[in-house]
Amino acid sequence: YWMPAYPTTAPGEDLERIARHDQVVADARTTWREWLAKGTQLSTPDSLVNTAWRAALVTLLTCQERDRDEWVPIGNPFQYRDVWLRDGARTVRALAVAGYTDIARSDAWTLSRFQLPSGVLISQQGQLDGTGQALWALAQAATLPPDPEWAARTLPIVGRALDWIEIQRLLTRQLAIRYAGLLPYGDPRDNELTRAQLVGNDAWGIAGCRAAATLARLAGADSLARAADSIATDYLDAFRAALARSGSRDVPPSWQGPGRDWGNLAVGYPTRVLAAGDPRLAALARRVWGRTGGPGLTSHSPLDTLHSYVGADLAQWALLAGRPVETRAYLLGMLAHSSATLGQAEVFGREGRSFGANLPPHATAAATLVDLVRNMIVSDTRDTLELALGGDAVWWRGTRFERAVT
């Protein structure tokens with residue numbers, strides 16, 4: 001029996017022809033093959049990695065909504081029909097490296113709507129990492145591949161954001177607080193679970209200043225590029241001084257100490273505030289991985305849960321630090337805890353692997369998988385194009401990565 005979901009005057013035979021299951025499946029396959037053909041083509045001897053790559057791209061392309069003339073990235077097709085800067089920036093990066101340049105730039109431009117008159121970019125009260133993340137996302141979109149004209153479009157946003165960062169840092173100096181020259185206290189009301197000066201806010205702030213310099217230089221705005229470089233240098237000095245003063249042996253969640261590891265995990269990648277060889281990053285990895293018995297997926301809270309994407313930055317750091325075995329352990333963890341269709345849940349139980357009401361797939365988990373696999377094969381994170389940093393030796397007998405965007 002055919003039961004139309006919406007009122008229709010079409011004869012029953014026409015409905016049956018349109019809704020034939022084999023025709024619906026064929027149309028869906030054709031559509032997705034066309035979409036996937038537009039991006040970078042990946043093939044390795046590991047069929048599971050190949051399928052996971054495609055599944056992650058399908059997730060990212062599905063998690064898009066149209067608003068006016070732009071695409072808007074969303075977190076999940078079911079319950080997270082929203083966007084936050086900390087998630088949207090990762091989507092922009094993944095789509096850019098996967099060759100979906102137009103969608104990445106549209107998403108990045110949408111993120112600029114979060115800029116307030118003061119210059120701050122913020123998508124949720126207290127999340128002061130948003131300004132740096134938005135600037136970083138704009139730079140990813142503008143440089144993969146490089147487009148001076150598109151970069152020039154971002155300069156008004158960049159200038160106001162830089163002014164906000166400098167004003168906030170000046171205020172903490174004028175107040176003569178212990179950790180001066182950094183961003184002020186924030187309560188992100190999210191995973192950090194604390195109100196403090198958050199290390200991740202400053203790591204992203206520095207990355208944002210560097211991104212501003214990149215955008216300005218690409219657009220030919222040399223004076224703005226020099227100003228951004230100067231701010232980034234002074235900001236990095238303040239960050240290093242704060243680390244020395246903190247008394248922490250690794251990288252704490254907040255300058256005051258308390259908090260859940262979250263933004264501090266981005267200090268090695270993608271913000272690269274500390275070089276990959278810095279012993280503090282190795283100590284941070286030991287502490288975080290120690291909760292789960294070794295490299296791989298990291299524990300959320302409570303310890304009987306795992307998180308799909310929060311540990312991805314540590315896996316990326318391991319790649320840059322010449323520790324590919326640990327990077328592969330994380331990738332294997334993601335694949336082992338995927339859904340039957342290789343969707344990635346945000347959090348799930350360590351034992352039964354149940355994800356409860358937080359349904360997969362999650363766009364940020366998909367984005368981190370795409371970025372990680374791409375960097376394992378070709379990485380332009382540093383000033384040299386680096387190939388074959390992370391895959392197992394068997395990958396290099398047949399891996400192809402065509403039309404790679406760098």
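Biologist: Which residues of helix α8 are buried in this predicted model?

Modeller: The model is predicted, and its side-chain pairs are judged only where confidence allows. A residue counts as buried when its relative accessible area is under 20%. In α8 the residues that meet this cut-off are L155, I157, V158, G159, A161, L162, W164, I165, Q168, R169 and T172.

Biologist: Which helices do the buried residues of α8 pack against?

Modeller: Contact here means heavy atoms within 4.5 Å. The helices that the buried residues of α8 pack against are α5 (101–111), α6 (130–143), α7 (148–153), α9 (199–219) and α10 (222–246).

Biologist: How far apart are the end C-alpha atoms of α8, and what span should its residues give?

Modeller: Helix α8 covers residues 155–174, which is 20 residues. The expected span is 1.5 Å times one less than the number of residues. For α8 that gives 28 Å, and the end C-alpha atoms agree, being apart by 28 Å.

Biologist: Which residue just after α8 has a positive phi?

Modeller: Most residues other than glycine have a negative phi. Just after α8 there is a residue with phi of about 55 degrees, and that residue is A176.

Biologist: Is R189 buried or exposed?

Modeller: R189 sits in the loop between α8 and α9, and its phi is positive, near 55 degrees. A residue is exposed when its relative accessible area is over 50%. The value for R189 is 53%, so R189 counts as exposed.

Biologist: What covers the buried residues of α13?

Modeller: Helix α13 runs over residues 324–336, and its end C-alpha atoms are 18 Å apart, in agreement with the expected span. Its buried residues are E326, T327, Y330, L331, G333, M334 and L335. The cover over them includes α3 (47–62), α11 (279–290), α12 (312–320) and α14 (363–377).

Biologist: In the hairpin of β2 and β3, which residue takes a positive phi?

Modeller: Strands β2 (residues 64–67) and β3 (residues 70–73) run antiparallel and are joined by four bridges. Q64 stands opposite P73 in β3. Two residues lie between the strands, and the one with phi near 55 degrees is R68.

Biologist: Which strands are at the edges of the open sheet of β4, β5 and β6?

Modeller: The order of this antiparallel sheet is β4-β5-β6. An edge strand pairs on one side only, and this holds for β4 (298–299) and β6 (347–349).

Biologist: What is the bridge partner of L306 in β6?

Modeller: Strand β5 (residues 305–307) is joined to β6 by three bridges, and the two run antiparallel. In β6, the partner of L306 is F348.

Biologist: Where is the cis peptide bond that joins L144 to a proline, and what is its omega?

Modeller: Most peptide bonds are trans. The proline is P145, which lies in the loop between α6 and α7. The bond from L144 to P145 is cis, with omega of about 0 degrees.

Biologist: What is the volume of the largest cavity?

Modeller: The whole structure holds four cavities of 30 Å³ or more. Residues lining the largest cavity include R260, W262, H300 and V310. Its volume is about 70 Å³.

Biologist: How many disulfides does the model have?

Modeller: A disulfide needs a pair of cysteine sulfur atoms within 2.5 Å. C63 is buried at 2% relative accessible area, and C209 is buried at 0%. By the distance rule the count of disulfides is zero.

Methods: Residues numbered from 1 in each chain as written. Predicted model: local features only at pLDDT ≥ 70, side-chain atom pairs only at ≥ 80, totals over all residues. Heavy atoms only, no water. Buried < 20%, exposed > 50% of the residue type's maximum accessible area, 1.4 Å probe, protein only. Pairing = 2+ DSSP bridges. 1 Å grid on protein atoms, 1.4 Å probe; cavity = no way out; pocket = protein on both sides within 12 Å on 5 of 7 lines; lining within 4 Å. Points joined across faces, edges and corners; volume = space filled by probe spheres on them.
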